[in-house]
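Visitor: I should like to learn how to read pockets, cavities and buried helix residues in a model. May we look at one together?

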Amino acid sequence: MSILTLKDREVGIFFWAEPDALATLRTVKSCGVVSGQLAIDGTVQLTPQTTDAWKAAIAAEDFHVFTVFAAYEGESYADIPTVVRTVGFMPADTRAARELRTREVIDFAAALGVKSFGCHVGFIPHDPTHPEYIAVRDLVRRIADYAATFGMTYCLETGQEPADQLLAFFGDVDRSNVKINFDPANMILYGSGEPVAAFELLASQVISVHGKDGDWPDPAQPGSLGTERILGEGSVNIPKFMAALREKGYNGPVCVESGVHGEEQRWQTLSNAVKLLNSLR
């Protein structure tokens, strides 16, 4: 296997684990990338055979995985009230099971040699004395400490809170390996703040970025999410955002995450997004 050389602001793809690891990576690479972020949904059985298949595929394709992300069974992004109720660690009745699953995903990532784990924490209460805030903060600390035993960072994904609130939560968690995966579109989709200004505030903690675009929620529909758009066609202003990455000295990965495509157009849409980001690196 050759030694993979990664570039500043390396453009990759955020992709989901499919049953055939080798075929998945070959399809991802067909979009013009050699790296990305691997997402594991809550139904994937993380058996030794699963781990062995992904290790072999990564080695065979000389592919670099920046981050392994976890999603959980029962999560839904239908609208903001549903996100509050179902996503991340906020639902108390699934918290213990999701903590266990998180450790399993971290174990899987460590076995692949990946040095970063990520997930959505959910809508954390703004009040740091709220019992649910304290419960989630303490869980994040436990996950960070567990990830640290593998020399791994734990990335919180942006969007479900304004940047200043996320920064305050960071200070309260107080773990040096807790970092940020910055998603500019999520800031818009949740109505949490202008993405470039948010990135500039959080830049010192950002170790990975998503290339994603979208438009703001409709103010006439309280509780609605914004609308994801094809990269370059939404309100993020991708050229301005990429310029901000350069200006702040960010040199980590920029991984395309897009759900805007029909199945037949999926990989062409991703390929076009990769080309756009490479033109702006």
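Visitor: How do the residues of the lining of the largest pocket divide into nonpolar, polar and charged?

Guide: Please keep in mind that this is a predicted model. The lining of the largest pocket divides into 14 nonpolar, six polar and six charged residues. In total, 26 residues line this pocket, and the space within the pocket is about 660 Å³.

Visitor: Which residues lie nearest the centre of the largest pocket?

Guide: Phe14, Trp16, Tyr77, Lys212 and Glu257 lie nearest its centre.

Visitor: Which element gives the most to the lining of the largest pocket?

Guide: Strand E1 does, with four residues. At least two residues each come from E1 (11-16), strand E3 (64-70), helix H7 (184-189) and helix H10 (266-280).

Visitor: How many cavities of 30 Å³ or more are there?

Guide: A cavity differs from a pocket because a 1.4 Å probe fits in a cavity but cannot get out, whereas a pocket is open. The count here is two cavities of 30 Å³ or more. About 50 Å³ of space lies in the largest cavity, and the second largest has a volume of about 30 Å³.

Visitor: What lines each of these cavities?

Guide: Residues lining the largest cavity include Cys119, His120, Leu156 and Glu157. By class, this lining has five nonpolar, three polar and two charged residues. The lining of the second largest cavity includes Gly211, Lys212, Arg229 and Glu257, and its classes are two nonpolar, two polar and five charged. Lys212 and Glu257 are also among the residues nearest the centre of the largest pocket.

Visitor: Let us turn to the helices. Which residues of helix H9 are buried?

Guide: An α-helix has 3.6 residues a turn, so residues three or four places apart point the same way. In helix H9 (residues 238-247), the buried residues are Ile238, Phe241, Met242, Ala243, Ala244 and Leu245. Gly249, with a positive phi near 75 degrees, follows H9.

Visitor: Is Arg137 buried or exposed?

Guide: Arg137 belongs to helix H5 (residues 131-148). Arg137 counts as buried because its relative accessible area is 14%, and the cut-off for buried is under 20%.

Visitor: Which residues does Arg137 touch, not counting those up to four places away in sequence?

Guide: Arg137 touches Phe169, Asp172 and Val173. Contacts of this kind can join parts of the chain that are separated in sequence: Arg137 and Val173 are 36 residues apart in sequence, yet 6.0 Å apart in space, C-alpha to C-alpha.

Notes:
Residues are numbered from 1 along each chain as its sequence is written. This is a predicted model: local features need pLDDT of at least 70, side-chain atom pairs count only at pLDDT 80 or more; totals for chains, interfaces and linings use all residues. Side-chain values use heavy atoms; hydrogens and water are left out. On a 1 Å grid over the protein atoms alone, a cavity is a set of points where a 1.4 Å probe fits but cannot get out, and a pocket is an open set with protein on both sides within 12 Å along at least five of seven lines; lining residues have an atom within 4 Å of a point. Grid points are joined across faces, edges and corners, and a volume is the space filled by probe spheres set on the points. Ala, Val, Leu, Ile, Met, Phe, Trp, Tyr, Cys and Pro count as nonpolar, Asp, Glu, Lys and Arg as charged, and the others, Gly among them, as polar. Buried means under 20% relative accessible area, exposed over 50%, partly exposed in between (1.4 Å probe, protein chains only). Contact means heavy atoms within 4.5 Å.
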